[in-house]
Amino acid sequence: MTSANSIIEPTFDLSASGKQLGYLKLPHSVHRSAYGFIPIPIVSVKNGTGPTILLSSGVHGDEFEGQIALTKLIKEIEPAQVNGQVIILTMTNFPAAKAGLRTSPVDDLNLNREFPGDPHGTPTSQIAHFVETVLMSMADYSFDIHSGGTSLHYLPTILYRAGKVGDEQADKCKELVTTFGAPYAISIPSNKGIRTTMAAAERQNAIGIGGEFGGSGTVSSESLQICELGIRRLLHHLKIWSPITLPPASEPEETVYLNSNSENLLVYADQAGLFEPAVQLGDMVVTNQIAGYLHHPDTPWLKPEEVRFKTDGLVLAKRIPSLSERGDCLFHLGNFDR
Ligand SMILES: [Zn+2]
């Protein structure tokens, strides 16, 4: 099964039953390899008639928790325990993941800003097009795993689409969030027209959620555990995978629900400098509270710039590198307003 327009070819039939291991071959003719292809790892485990879920990581190549969680899951999941289909992409933007970079070194593009993609575009755009038109269109559910990458660190947080009363798809997203049992969940405005994996899922009528699990260019073992356990709860709840036993402590913990209904929840550097944070992840903060300072060691007699919060909220993510430019995001808050 391939898209009519895409030149990306899977090395196996995506509709085949059993456990299929292979690559999406994206033709890429370059100096070092005239007839080469970019090999994007893909696994499908299919049995029975249950629903299809797409699990993805490595959309940003400097985010590692999801890549590890899915790499481990692939070894465990066998067709006999599956009713439906689990499609797994560990390094969705393969060139970015291979380089450990947020964006692809091949075309400098951010896959999570390229949907719905272009079958005749650059490699990142072609990947977006294939993921949306072929894989998302096969999927009833999708879970796209992120972290703060090199520049941010997130508390373990599920992202989901906010919906109005009677919005059935949004209600189903919320059900997945509750099932996942992460410590935090943040609703974001409806994604239609936005160029992310969650928007792609929505356009293709898949129930799609995302997640942020740590970051800092490393792997947080606590976040990784939460991610791994949550994936198992999702697959179990949807009756797609019935492992003989769920791991201990499999009851979801209480999730703190937040939302992101104001641009003021993102705090930016107004000028370049060395960033000194004044609050920590998980802190509750209030409007006008000092978020941190930007110091100027090149002009050390200058007063540091005070960065202040513009709204109340809970600190979900913070910038990791101290060296900052005007326009860099320093904090991401969630709030409790409805
Ligand atoms: Zn990401």
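In the predicted model, Ile290 stands opposite Arg308 of strand β15. Ile290 opens the story of a strand pair: β14, residues 290-295, runs antiparallel to β15, and four bridges connect the two. The pair belongs to an open sheet of four strands. The strand order is β15-β14-β12-β17, with antiparallel pairing. Strands β15 (305-308) and β17 (323-324) form the edges, and each has a pairing partner on one side only.

A second set of pairings centres on strand β6, residues 141-146. Six of its six residues are buried, so β6 is largely enclosed by the rest of the structure. In a regular strand, side chains alternate between the two faces of the sheet. Tyr141, Phe143 and Ile145 point one way from β6. Ser142, Asp144 and His146 point the other way. Both sets are buried. Thus a serine, an aspartate and a histidine are among the buried residues of β6.

Strand β6 has parallel partners. Strand β4, residues 52-56, is joined to β6 by four bridges and runs parallel to it. Within this pairing, Ile53 stands opposite Tyr141. Strand β9, residues 207-215, is also parallel to β6, with six bridges between them. Here Ser142 stands opposite Gly208 of β9.

Ile53 also appears in the largest nonpolar core, which has 86 residues. Ile40, Ile53, Val86 and Leu316 are the members that touch the most other members. In soluble globular proteins, nonpolar side chains tend to be buried together. The core draws on both domain 1 (9-259) and domain 2 (264-334), with at least three residues from each. Leu316 falls within the bounds of domain 2. Beyond its sequence neighbours up to four places away, Leu316 touches Tyr154, Leu155, Thr157, Tyr184 and Ile186. The other residues in that list are His332, Leu333 and Gly334.

The chain is divided into these two domains. Their C-alpha centres lie 30 Å apart. Domain 1 gives twelve residues to the contact, and domain 2 gives ten. On the side of domain 1 that touches domain 2, the elements giving two or more residues are β7 (152-161), β8 (184-188) and β10 (256-259). Strand β7 gives the most, with five residues. By class, this side of domain 1 has six nonpolar and six polar residues, and no charged residues. Several contacts of Leu316 fall in these elements: Tyr154, Leu155 and Thr157 lie within the bounds of β7. Tyr184 and Ile186 lie within those of β8.

Two further positions were examined individually. Ser125 is placed in helix α3, residues 123-138. Ser125 is buried, because 20 other C-beta atoms lie within 10 Å, and the cut-off for burial is 20 or more. Apart from residues up to four places away in sequence, Ser125 touches Leu109, Glu114, Gly117 and Asp118. Ser125 and Leu109 are 16 residues apart in sequence. In space, their C-alpha atoms are 8.0 Å apart.

Phe12 lies in the loop between β1 (9-10) and β2 (18-27). Phe12 is partly exposed, with 14 other C-beta atoms within 10 Å. That count places Phe12 between the two cut-offs, because exposed residues have 12 or fewer and buried residues 20 or more. Gln20 and Gly22 are the contacts of Phe12 once residues up to four places away in sequence are set aside. Phe12 and Thr197 are 185 residues apart in sequence, and 23 Å separates their C-alpha atoms.

At the level of the whole chain, there are six helices and 18 strands. The radius of gyration is 20 Å, close to the 20 Å that the globule rule gives for 338 residues, so the chain is as compact as a globular protein of that length. The C-alpha trace spans about 65 × 50 × 35 Å along its principal axes. Buried residues make up 46% of the 338 residues. Among contacts with a separation of 6 or more, 67% link residues 24 or more positions apart.

Conventions:
Residues numbered from 1 in each chain as written. Predicted model: local features only at pLDDT ≥ 70, side-chain atom pairs only at ≥ 80, totals over all residues. Pairing = 2+ DSSP bridges. Contact = placed C-beta atoms within 7 Å. Domains from an automatic or database assignment. Nonpolar A, V, L, I, M, F, W, Y, C, P; charged D, E, K, R; others polar. Core = buried A, V, L, I, M, F, W, Y, C linked by C-beta atoms within 7 Å. Rg over C-alpha atoms; globule rule 2.2 N^0.38 Å.
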